[in-house]
Amino acid sequence: MSVSYGKLVIVGAGKVGSAVLNSVLRMNIIDDIVVINRNKDRALGEVLDASHTTAFAYSSNANIRVGDYSDCKDAHIIVITAGPSILPGNHDRNTLLKKNVEVMDSVMKQITAYTKEAIIIIISNPLDVLTYYFQKKYDYPADKIMGTGTLLDTARFNKMLGDLCGVDAKNVVGFVLGEHGSTSFIPWNTVNIVGVPFDDLAEKFGLKAPIDKEALLNETKTIGPHIVDLKGYTSSGVSLAACRIIGAIVRNEHCIVPVSTVMNGKYGYDDIAMSLPCIISKSGIDRIIELPLDEQGRKDLRISHDHLRELIDLI
């Protein structure tokens, strides 16, 4: 069956899945939404709760319903949120590896029984390993399976840097790349604000002291786990990151965002998935952009690669 453009399937109706559902509705992104969850009562509760919001002027008039995996057969986009998340006091996403491989295996078996045409967005962690492993295991088209990756990390970094310089985050051009986790890195030689290179920002924006790169990178990495410690989980930021990708697909934007993707020879690597800037359209990933990394950036990329490769070798 051909793809029904504008049809979204959300797998998982937990905190993140429900946040994705409500964010999609608030942003008027898509008109046809199906929620799949092992506990169908939970899914029905989320669908009923969300469906009532469509009466408000700011929300879409989408068709929302509980479904099953047969609904994937003509889906345009499938978002996978299933599986446990990190808990307060345990910030290592990789501790979820064994359990979420089992969960994702069950999910992917059922999805691929119906389609290999839908664009899959993985939120479950550790998403880089899951993205690579299941793209290879199920021979899923590499341009149609991606993780939200460092998109949220990048948004946080851009906001922090913009605040330091007293400018809107949308004026910041900079990416957090690599693993969505402890070995993520920022290629500082590519960071700028309206063309002003990172190393010149303090002078051009009248800062009292140079910006501490390591402190800024560390804050970017640790803010997510800190939120988990404070409220028990994260959902708002990652749901909006997923919606950014969904919107780019539905609107055929050809925007450039960092998502986790199988590298296919970029920088000489093809044996892992990690976040790189990608052009996103209605077809999925149109192209991976290979940024001109300096020597430090290439070292950081290698560290992230080697760490992810070790995790993949475990499974």
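The legends below describe close-up views of a helix and a small sheet in a predicted model.

In this predicted model, local features need pLDDT of at least 70 and side-chain atom pairs count only at pLDDT 80 or more, while totals for chains, interfaces and linings use all residues. Residues are numbered from 1 along each chain as its sequence is written, and side-chain values use heavy atoms, with hydrogens and water left out.

**View 1. Length and bend of helix H7 (residues 213-231).** Helices (H or I, at least four residues) and strands (E, at least two) are DSSP runs numbered from the N terminus. The 19 residues of H7 should span 27 Å at 1.5 Å a residue, and the 28 Å between its end C-alpha atoms agrees with this. The expected span is 1.5 Å times one less than the number of residues. At threonine 222, H7 bends by about 40°, and proline 225 follows within four residues. The bend is the angle between axes fitted to the seven residues ending at a residue and the seven starting there.

**View 2. The two ends of H7.** Aspartate 212 caps the N-terminal end, with a side-chain oxygen 3.1 Å from the backbone nitrogen of glutamate 214. Glycine 232, which follows H7, has a positive phi near 100°.

**View 3. The sheet E7-E8-E9.** The 3 strands form an open sheet with antiparallel pairing. E7 (172-173) and E9 (196-197) are at the edges with a single partner strand each, so one side of each has no neighbour in the sheet. E8 (residues 192-193) pairs with E9 over 2 bridges; pairing requires that DSSP finds at least two bridges between two strands. Asparagine 192 is opposite proline 197 of E9.

Definitions and conventions. A polar contact is a pair of N or O atoms within 3.5 Å; within protein, one must be able to donate a hydrogen and the other to accept it, and residues adjacent in sequence count only if both atoms are side-chain atoms.
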